[in-house]
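Q: I would like a close look at one part of this model, with its surroundings described in some detail.

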Amino acid sequence: MRRCVTCCVVVFVLCAGSAFAQSKARAQNVPEIPYESVPNFLKLPPGLYLGEAIGVATNSKGHVFVYTRSANTRLFEFDQNGVYVREIGEGSYGFEFAHAVRVDPQDNIWVVDEGTNMVVKFNPEGRVVMVLGRRPEAVAGVPATQAGPAPPAEKYLLGRPTDVAWDPQGNIFVSDGYVNHRVVKYDKNGRFIRQVGSERAGSEPSQFSTPHGIAVDAQGNVYVADRANNRMQVLDNNLVLRAIYDNIGVSWTVCISPGPHQYLFSSNSNPNGNTPGSWDITGEIYKMELDGTILGRFGHASKQIGGFQVVHAIDCRNPNEIIVAEIESWRVQKLMLKPMPVKASAERQESR
């Protein structure tokens with residue numbers, strides 16, 4: 001197992017009710033990838049607006065799905081040109097406090113809702129075909145971290161889950177999340193297989209502290225954005241630890257591009273609340289090989305177009321056309337990555 005030694009400059013921020021460490025990435029001399037932001041990418045109809053842009057994903061046709069939360073959690077679909085198509089799941093029992101949207105290889109649309117503790121699968125027509133987890137009764141409210149020993153996490157009850165992914169066989173992987181601090185594997189029909197993590201947040205290998213994003217490569221390896229531990233953990237298909245990448249900052253979210261040569265993207269997002277000094281050490285997105293070799297980085301913390309105001313989700317179906325969803329700027333940007341200068345390409349350095 002390869003592991004990078006952690007040596008971080010730490011700034012504490014308050015986020016989602018918990019104290020998170022915000023770290024400057026330790027990777028040095030990383031080439032900058034030039035890019036530009038497509039102006040006015042999404043075209044919303046009159047009177048319709050995005051709230052916090054929490055999730056973004058594309059399907060095989062290039063349609064863009066945006067999961068947003070404001071007064072209500074809503075799921076919008078746009079065509080490949082950013083033109084509004086429809087709303088999916090309006091009034092759904094599984095919608096309360098959005099966290100992620102993903103599209104599987106069959107163009108099914110999956111949403112992860114932190115407020116209802118549910119992962120909901122819609123078919124391409126927009127009908128619910130599977131539900132993982134269960135919404136708490138109204139009198140119970142959203143589960144909170146409790147004092148004292150934590151009860152064992154249950155197989156089919158989630159605790160503020162954050163993301164979902166699949167392997168080539170259709171097995172389902174859920175990062176579960178703010179309460180249970182674990183990764184759960186289900187089969188394609190939603191039957192529990194196994195889990196990894198601890199009943200409380202932990203920093204040891206194979207433990208998690210707010211697993212905030214998840215992706216699976218073509219070989220079935222699982223990549224987990226272990227946000228509050230300032231690292232990414234790589235697991236095999238049986239959830240056994242293979243590697244830790246801890247020099248890329250916080251790792252808020254993770255994305256793996258499809259195709260014969262897959263690329264890994266991770267965001268060292270600037271934190272909610274714009275903590276003083278945090279913009280100087282955060283805001284970039286890393287493009288990597290699956291083995292952790294950093295190819296380059298792009299982006300910076302900014303409220304202006306082309307900069308990022310808390311990237312919460314990345315779509316990388318086309319690794320040269322990245323779509324990001326931002327919380328605090330209430331927007332989605334499409335970024336066109338340009339070829340790096342030959343000299344910079346030759347100076348790629350390994351992140352291991």
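How many disulfides does a search of the whole structure find, and which strands hold the cysteines of the pair?

A: In this predicted model, a search of the whole structure finds one disulfide. The bond joins cysteine 255 to cysteine 316, whose sulfur atoms are 2.1 Å apart. Cysteine 255 belongs to strand β21 and cysteine 316 to strand β25, so the pair ties together parts that are 61 residues apart in sequence. The torsion about the S-S bond of cysteine 255 and cysteine 316 is about -100°, and the disulfide is therefore left-handed. Cysteine 255 has a relative accessible area of 6% and is buried, while cysteine 316, at 1% relative accessibility, counts as buried as well; the cut-off for buried is under 20% relative accessible area.

The two strands that carry these cysteines also appear in the description of the largest pocket, which has a volume of about 720 Å³. Its lining is made up of 34 residues, and those that lie nearest the centre of the pocket are Val103, Asp104, Pro105, Trp166 and Val216. Both β21 (254-256) and β25 (311-318) are among the elements that give two or more residues to this lining, together with β5 (52-58), β9 (98-103), β13 (161-166) and β17 (211-216). The strand of cysteine 316, β25, gives the most to the lining of the largest pocket, with four residues. Sorted by class, that lining has 18 nonpolar residues, nine charged residues and seven polar residues.

Strand β25 is also part of the setting of an enclosed space, for a search of the whole structure finds one cavity of 30 Å³ or more. About 90 Å³ of space lies in this largest cavity, and of the 14 residues that line it, Ala100, Arg102, Asp163, Thr253 and Ala313 are the closest to its centre. The elements that give two or more residues to the lining of the largest cavity are β25, β13, β9 and β5. Here β9 gives the most, with four residues, whereas in the lining of the largest pocket that place is held by β25. By class, the lining of the largest cavity has six nonpolar and six polar residues, along with two charged residues.

To return to the bond itself, cysteine 316 sits in strand β25, an element that gives two or more residues to the lining of the largest pocket and two or more to the lining of the largest cavity. Its partner, cysteine 255, sits in strand β21, which is listed among the elements that give two or more residues to the lining of the largest pocket.

Notes: Residues are numbered from 1 along each chain as its sequence is written. This is a predicted model: local features need pLDDT of at least 70, side-chain atom pairs count only at pLDDT 80 or more; totals for chains, interfaces and linings use all residues. Side-chain values use heavy atoms; hydrogens and water are left out. On a 1 Å grid over the protein atoms alone, a cavity is a set of points where a 1.4 Å probe fits but cannot get out, and a pocket is an open set with protein on both sides within 12 Å along at least five of seven lines; lining residues have an atom within 4 Å of a point. Grid points are joined across faces, edges and corners, and a volume is the space filled by probe spheres set on the points. Ala, Val, Leu, Ile, Met, Phe, Trp, Tyr, Cys and Pro count as nonpolar, Asp, Glu, Lys and Arg as charged, and the others, Gly among them, as polar. A disulfide is a pair of cysteine sulfur atoms within 2.5 Å. Buried means under 20% relative accessible area, exposed over 50%, partly exposed in between (1.4 Å probe, protein chains only).
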